[in-house]
Amino acid sequence: MTVALLQQFGFSVANLLAGAVTYTYYILFAFIIASILFSWFPGYPSSSFMQAIYDAVRAVTNPILWPIRSRVPMLQLGGFGIDLSPIIAILGLSIARTLLLIIIDNFIRPVTG
């Protein structure tokens, strides 16, 4: 019923799903980049607006990055360490996006048109 209604108005279910996957990838990518930038400044921001942004970024990225951080140690280079978890998370998100788009193109698009 819903598929027929969407197709009647000129929407393609496969295109809508592919768009949702792509937008979700880019939103999560932006949150991870923001988390990297916030990690360069370890103290909480002074303004309440920046505090809210900081907390929102951490709330989105911590469930993604903490499991990776618990399994992959920091890369020690001299006197400092590099956290590899954002790189691994972005790589994993990219692979997941590619696989989902392949599934949508090969299995959903032929069925829904």
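In this predicted model, the structure holds 3 aromatic pairs. A pair of aromatic rings is described by two quantities, the distance of the centres and the angle of the planes. For Phe38 and Tyr54, the ring centres are 5.2 Å apart and the planes stand at 70 degrees; an angle over 60 degrees counts as edge-to-face, so this pair is edge-to-face. The pair links distant parts of the chain, with Phe38 in helix 2 (residues 13-39) and Tyr54 in helix 3 (residues 48-71), 16 residues apart. Are these two residues buried or exposed? Phe38 has a relative accessibility of 14% and counts as buried, and Tyr54 is buried too, with a relative accessible area of 8%.

Aromatic residues turn up elsewhere as well. Tyr25, Tyr26 and Phe29 form one aromatic cluster. One member of this cluster, Tyr25, also has a charged neighbour: the charged end of Arg97 sits over the ring of Tyr25, 4.6 Å from its centre. A similar arrangement involves Trp66, whose ring has the charged end of Arg69 over it, 5.4 Å from the ring centre.

It helps to place these residues in the overall fold. The protein chain contains 4 helices and 2 strands, and from the N terminus on, its elements run α-α-α-β-β-α. Of the 113 residues of the protein chain, 21% count as buried. Among contacts in the protein chain between residues at least 6 apart in sequence, 57% join residues at least 24 apart.

Helix 2 offers a simple check on helix geometry. At 1.5 Å a residue, its 27 residues should span 39 Å, and the C-alpha atoms at its ends are indeed 39 Å apart, which agrees. Which residues of helix 2 are buried? They are Val13, Ala14, Ala18, Val21, Tyr25, Leu28, Ile32, Ser35 and Phe38. Tyr25, seen above beneath the charged end of Arg97, is thus met again among the buried residues of helix 2, as is Phe38, the partner of Tyr54.

Side chains of opposite charge can pair when their charged atoms come close. How many salt bridges are there in this model? The count comes to 2 salt bridges. In one of them, Arg69 pairs with Asp83, and the closest N and O atoms are 2.7 Å apart. Arg69 lies in helix 3, whereas Asp83 lies in the loop between strand 2 (80-82) and helix 4 (85-112), so the pair ties together parts that are 14 residues apart in sequence. Arg69 is partly exposed, with a relative accessible area of 24%, and Asp83 also counts as partly exposed, at 25% relative accessibility. Arg69 is the residue whose charged end sits over the ring of Trp66.

The side chains of Asp105 and Arg109 also meet in a salt bridge, at 2.9 Å from N to O. Both residues lie in helix 4, 4 residues apart, about one turn of the helix. Asp105 counts as partly exposed at 39% relative accessibility, and Arg109 is partly exposed with a relative accessible area of 28%.

Finally, a charged residue without such a partner deserves a look. Arg58 lies in helix 3 and is buried, yet has no salt bridge. Where is the nearest side chain of opposite charge? That side chain belongs to Asp55, 7.4 Å away, and a salt bridge requires the charged atoms to be within 4 Å. Leaving aside residues up to four places away in sequence, Arg58 touches Ser35, Phe38, Ser39 and Pro63.

Note on methods. Residues numbered from 1 in each chain as written. Predicted model: local features only at pLDDT ≥ 70, side-chain atom pairs only at ≥ 80, totals over all residues. Heavy atoms only, no water. Phe/Tyr/Trp six-rings, centres within 6.5 Å; stacked < 30°, edge-to-face > 60°. Buried < 20%, exposed > 50% of the residue type's maximum accessible area, 1.4 Å probe, protein only. Lys NZ or Arg CZ within 6 Å of the ring centre and 35° of its normal. Expected span 1.5 Å × (residues − 1). Lys, Arg positive; Asp, Glu negative; His and termini not counted. Contact = heavy atoms within 4.5 Å.
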